[in-house]
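Work through the exercises below with the sequence and the structure at hand. Try each task before reading its solution.

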Amino acid sequence: MTLLVVVIGSCSMFDYSTIVSNKYAIIYGVTNYVPLNDPNLPTAYNDPNLSYPHLDAKDLSDMLTAKGYTVTSRWVDDQDNFYHDGVLATVAEAPSKANLSVDLAALKTKIKPDDVFVFYFSGHGTQSPDGTMEYFDPFGSVQYNPSNHFYQADPTTSVADTEMGSLLSANIGTARKVVILDSCNSGGFIGNTLEVDTMPSTTSSFDWTLPTPVTIIQAIENYARFTTTSTAVSPYNAQVLSAAGTDELSYDDSGHKHGAMTYYLLQIPTYGDLNNDGHVSVLEAFSFVKAQIQGNWNVVNPITEAFTPHVSGGPVDFILF
Amino acid sequence: MKRARKRLFVRRASALIEIGYHTAYISSRMKSLPRTTSLLSLFFLLCTTAAVSALSLGASGLGEVRVEAGQGFGPKLQYGGGGSLDLRSPLLPWLDFGASLDLYDIAPSDISGGFDYRGFLGGDIALGVEAHTAPARWAGIGELAVGTGLGFAGVLAGYQYTTLYFFYPELTAKIFLDYVPVSLPAIDVRLSIPIGIQFRPDMDYSASAGVTLGFAYRLGGAK
């Protein structure tokens, strides 16, 4: 009983006061995948260029810089201009898969075990035809296919869900890793192996998210088969906050001039502290963004354009700022 | 009272024999409905006067603290509380079977060090056995008995802010003090200290200790 009282009287069993966390972020945004003067654009059946990812990347870089992050940013805007750390650059500095490897490798010697790392991407996301793999598409990953007149993502120059986990493990030597993806099919990057997510991979008019007997059975099965190895980004590697489910699209919001998810993500310094403790965690950011999309975007747009953010499982939540 | 308990035990034993006969008779006429015969057996078990009169139904409230560590991070405390619906049935004069349906809310840990262990809402079904002393009586006050218990639970929990649910089993042990007020002889008031070990595969360890306060009503009335 004495031991119990002592334990209860102590707020924390371990002294974490000496931990000093530096914060690092890599921010990528791709608006124009092909130049405005691309000869195939006028006759292609689709236009691969988006509208606002460059604004997403710029504003998120500013937000995290203001919150003490050392930010490495790359984006290409709607006028084919490339920016590296906010400075006009050349195509060699584009937010490409090759430069992502360079930027991650550059952090490898800097990041310490107690530091925080955030990777953010705004742009296209895609899914393999068989639905087993999801990608986010950096600059240079979209190619014109003359046989069907479509611009399509090239898996070799996109970043697959399986790849992202490996890139992070190889380069980022901290457990406090967060991946935020404002792209289609981004829920596929969440590699939960224990948890059952009752929010489906595609949003519908009515989603029952309370647990059912099926949830219990699935949870028990996951327990019996538990492994920390995942086909996507394991929650024990990084927390992933995705704009959309595995099988659904996310959108640019013309009314707010940002990706629909990023528009609300930019508001978390003001509204994201849900428990009023002076800090915003990944779960708080997720909960706020999800509530706003469900209460705003999904209400005014057709159900075919509704989407819902998802987040990784795992027992630990990280403080963003 | 020792004698009364013995009579009760003998009554239960003969009742069980009778139940077995009835169940076997009915089962032989219901060969194609195994699930129904199982339920029917349970129904007869519960409906036997001696068995029903020995049942106690109750509710309790819980406050607890957990210590958890995982994913390479150090230990932190998480506080929570909840309630349960309890059922007890005597197996022997000194041994009871217990079952409960529990609900509890565990708050996130503190955020020192830039991380916290997630809070969650949990529900479980627990089964166990309890051993207790013969009650000691004080005229004008009531009866007191002390005991200990061991149990096992299957828990379904959902992380705060999410639609993510996970399962884990839990082993529990407790010590308790039962009080039967002289003015309410059919009521047991129980104060217990449960401790638990949660077998969460994504944590290095998770253990809890708490305090519960509850009451149980003996369907058969006073002892």
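**Exercise 1: the neighbours of one strand**

Task: Describe how strand 8 of chain B pairs with strand 9 of chain B, and how the chain passes from one to the other.

Solution. The model is a predicted one. Step one is the pairing: strand 8 of chain B and strand 9 of chain B (residues 187-198) are antiparallel and share 10 bridges. Step two picks out a pair of residues: B:L171 has B:I197 of strand 9 of chain B opposite to it. Step three is the connection, a hairpin in which five residues lead from strand 8 of chain B to strand 9 of chain B.

**Exercise 2: the other hairpin**

Task: How many bridges join strand 7 of chain B to strand 8 of chain B? Which residue in their hairpin takes a positive phi?

Solution. Start with the bridges: there are 17 between strand 7 of chain B and strand 8 of chain B, and the two strands run antiparallel. Next, find a facing pair: B:Y168 in strand 8 of chain B lies opposite B:V155. Last, look at the turn: four residues lie between the strands, and in this hairpin B:Y161 has a positive phi near 75 degrees.

**Exercise 3: the contact between the chains**

Task: Which elements of chain B supply residues to the side that touches chain A?

Solution. First, the count: chain A gives 44 residues to the contact and chain B gives 36 residues. Second, the elements: at least two residues each come from strand 1 (56-69), strand 2 (76-92), strand 4 (115-117), strand 7 (142-159) and strand 8 (164-181) of chain B. Strand 8 of chain B provides the largest share of this side, five residues. Third, the classes: the side of chain B that touches chain A holds 20 nonpolar, 11 polar and five charged residues.

**Exercise 4: pairing across the chains**

Task: Which strand of chain A pairs with strand 8 of chain B?

Solution. Strand 12 of chain A (residues 196-197) pairs with strand 8 of chain B in the antiparallel sense, over two bridges. To locate the pairing, take A:D197, whose bridge partner in strand 8 of chain B is B:L164.

Methods: Residues numbered from 1 in each chain as written. Chains lettered and ligands numbered in written order. Predicted model: local features only at pLDDT ≥ 70, side-chain atom pairs only at ≥ 80, totals over all residues. Contact = placed C-beta atoms within 7 Å. Nonpolar A, V, L, I, M, F, W, Y, C, P; charged D, E, K, R; others polar. Pairing = 2+ DSSP bridges.
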